[in-house]
Amino acid sequence: MATDLRISNVSKIYPGCIANDNVSLQFKSGKIYALLGENGAGKSTLVKILSGVVSPDNGEVFLNEKNLKLSSPLDAKKNKIGMVFQHFNLFETLSVFENLSIDATEDNKSLRVRINEILKKYNFSIDLDVPVLNLSAGQKQKVEIIRCLLRSPKVLIMDEPTSVLTEQETEELFISLKKFCDEGILIIYITHKLKEVLSLCDEVAVMRKGKVVSVSQTQNERVETLANKMVGQKLAKIKKKINISKNKDEIFKVKHLNFYSDDPFETNLVNLNFSVKKGECLGIAGISGNGQNELFQILSGEIITPDTSIIFRNKEIAKLNPKQRREYLMAFSPEDRISQAAVPELKIYENVALNNFKSSNFFEKGLVNEKKIKEHSKKILSDFSVNTDNVELKSQFLSGGNLQKLILGRELITAPELLICYNPTWGLDVGAINYIHETLIKINNQEKSTILISTDTEELLKLSDRIAVIYKGKLSKIMPSEEVTPEKLGVLMGGGSID
Amino acid sequence: MALYFFTPFIAIILTILGGGIIFYILGFNPIEALKFYFLTPISNLYGLSELLLKATPLCLIAIGLSFCFKSNNWNIGAEGQLTFGAIVGGGVALLFYNQEGFYILPLIIIAGAIGGMIFALIPAILKTYFNTNEILVSLMLVYVSKLLLDYLVVGPWSNPEGFNFPETRQFSDSSRMPLLFEGLRIHTGIFLALAAVMLSWFVLYKTYLGFQIKVSGLSLKTAKYAGFKGKTMILVVFMISGACAGLAGVGEITGPIGQLHRMISPDYGFTAIIVAFLGRLNPFGIIFASLVVALTYLGAETAQIFLQIPKYTGQVFQGMILFFLLASDYLLFFKVKILSLKKNELRH
């Protein structure tokens, strides 16, 4: 039976921002729809309305001309709307089967039979009795999808599904989605990755600032046209930068980096060795959870490992803490903006004071020099075009992009010789991503070095001079980036090998 | 933000209401009983002086604890630090039991602070270097110091002319906190508490140490990332906390008590935890909170006299304050919704 989902004049207003402004959209089964937009464009709110997490202030949702009252996620399930969120809702220590049986309404025996049918039908290979923590991200996502399929959904909503997948897993996902679509499930695919829209979807709706700005057939679109619609302005294309000469001095050298942890949620690192030259960007690719967290913390000095040698500008720094490493002109931008790089409850200038480098005099004789910190913060806000000049503002009111600019600004204003960043553009919109990429290229051009740990292959290929892949705590061979293709990276990231 | 400082008031109101209900169930006129509890004790000068007397150690300890709690260190053993401070300070006082001199009291005070500090360092060192849980260690050390005090007052330090009562000699006049007013028990120890308030405000909001404490309390990950010396900070906040508790202990034995015996503190060290949270870990909030909680001590005593109910109702009230405070903090941002679920949806 054909499914017809209609959103009619839906509005949702949060204090100080209109998340959805009179949104009307129509979806019919047999097609894959993309919902495209920057962060804060209103995609998530719309999806939350469809999945019953949020109630709209105005407007209605119709499924096959039936007016849906979606006041809880349970209502969405009842109405056969399935949702796979970007962050998996699975119990890591329970088995796959236990996870699937939690919200099932049948006995375990028939459930197992039905799961096995689904596995067979879509060619999924998942062991139902292993704990979820042993699964790869792609497999976890499949478990989430199975959970939806068990309820024979009419609508399946996928929220940024590829952000943690390898190239191969992404391809597999696309094949499955096309299959679902052929079977009459209406698929709504939420993303900000333009290429995926073009390769997977039939129709694309672009949202900007809470409004639907365009609905079109993907065959009539190109990456550039979609990007322009999404951002609402012409994007300056970043030039792939010129590789710098190879005979530069090594500024940073890591030898025998080993890390062993008793915590099963941490990854052990096995004998990493690498070096970075002056003005070079070393990219470290990998799917998250393969040791990047641990690596970043060891490089920044948050974790001190015995027997590791880290030479920076001819000095041994392996035993130094982050503050001391900063004094040697290193800078760090962690992945977690909200609970590590900055504290949302603190004011902007207080967050700036976290980088208390030696010449800053932020804290003279143990006392807070508020005036100095604020002056310095103002400079960062204007130099790195953060969209506020109020240093007293609590950081929680900054958007992700602006917070990241603030953090990068804080780290870069000391003109460090080496910046180590981990997923610097994670979850940001195109405008902010471009800004940050430009900044990272600029510091390389100023003969400063960077180590870019990222799960975004496109970003890595764009910015790195050399790339290595981290997989299960081991580092691959380091390759010049012109020899690397997305496919090659995908193979390495998935644990394969290339020659 | 405004709500954050408002919830303590909600908690206090709910506590009073809850107390009224309890009195009603016990068969008293709740209004009358609450009046005996909260108004009678402070209706005269003596009562007010007693209120300040009880608020002093509570305020001092809570100020110290706020350093720990703000930085995510859960020092539960202030009672032990108080006791140990009193033992060390009391030891010095006994050394000078038959002497007079202006220098004696300052010596006792310093000794008491150092005593509390040393005792607080035990859980801190164990935490930083051996990864133990400071909650357990600091709590268990309370009983260690109490038993030590017990041993001292019945054994080596007991008053040779005291007919084997478990108490030491009376301290000499030079070992006593000067009284502020003739006939009232309120003593100069209150200035120690006020000084601690001012000093802690300065340290918490104006110094690098305070900044580190603030950041560590909000996010330990950030503190680590910024490269704060986590271990040093843990030791310092425990030392501050212990010193304050030790001072409170010294204030008690050199103030109203005048000697060492088994019952030098009606669990001030534990009650101060409530004070610290009721005061929102804010130095000035703590002054207010210490007065409120001190009143529950006084009210319990009056209630015992006039209503013949045990003075342990004071602890009931203190418990209710903490309970309602935590509950209103937790539930304030919750929305109540009645859901009806079909049976089969509840099955799993």
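# A tour of chains A and B

Begin with strand β19 of chain A, residues 418-422: the strand is mostly covered, and five of its five residues are buried. Keep in mind that this is a predicted model.

Show the side chains of β19(A). A:Leu418, A:Ile420 and A:Tyr422 point one way, while A:Leu419 and A:Cys421 point the other way. On both sides, all are buried.

Next, add the strands paired with β19(A). Select residues 330-333 of chain A, which form strand β16; four bridges join β16 to β19(A), and the two run parallel. To find one of these links, pick A:Ser333, whose bridge partner in β19(A) is A:Cys421. Then select residues 449-453 of chain A, strand β20, which is joined to β19(A) by five bridges and also runs parallel to it. Here A:Leu419 has A:Thr450 of β20(A) as its bridge partner.

Stay in chain A and go to A:Asn123, in the loop between α4 (108-121) and α5 (137-149). Is A:Asn123 buried or exposed? A:Asn123 is exposed, because only 10 other C-beta atoms lie within 10 Å and a residue with 12 or fewer counts as exposed. Its phi is near 65°, a positive value in a residue other than glycine.

A similar stop is found in chain B. Select B:Asn72, in the loop between α3 (45-70) and α4 of chain B. The phi of B:Asn72 is near 70°, again positive in a residue other than glycine. B:Asn72 has 15 C-beta neighbours inside 10 Å and so counts as partly exposed.

From this loop, move on to helix α4 of chain B, residues 78-95, and display helix α10 of chain B, residues 230-257, with it. The two helices pack at an angle of about 55°, with their axes 7 Å apart. That angle makes α4(B) oblique to α10(B). The crossing is right-handed. Residues of α4(B) that make the contact include B:Phe84, B:Gly85, B:Gly89 and B:Gly90; from α10(B), B:Gly242, B:Gly246, B:Gly249 and B:Glu252 are among them. By class, the residues of this contact are 10 nonpolar, 10 polar and one charged.

Finish where the chains meet. How many residues of chain B are in contact with chain A? There are 16, in contact with 27 residues of chain A. Select α8 (208-218) and α9 (220-226) of chain B, since each supplies at least two residues of the side that touches chain A. That side of chain B has seven nonpolar, six polar and three charged residues.

Notes. Residues numbered from 1 in each chain as written. Chains lettered and ligands numbered in written order. Predicted model: local features only at pLDDT ≥ 70, side-chain atom pairs only at ≥ 80, totals over all residues. Contact = placed C-beta atoms within 7 Å. Nonpolar A, V, L, I, M, F, W, Y, C, P; charged D, E, K, R; others polar. Axes fitted to C-alpha atoms, helices over the stretch in contact; angles between N-to-C directions. Parallel < 35°, antiparallel > 145°, perpendicular 65-115°, else oblique. Left-handed = near helix turned anticlockwise from the far one by under 90°. Buried ≥ 20, exposed ≤ 12 C-beta atoms within 10 Å, placed from the backbone. Pairing = 2+ DSSP bridges.
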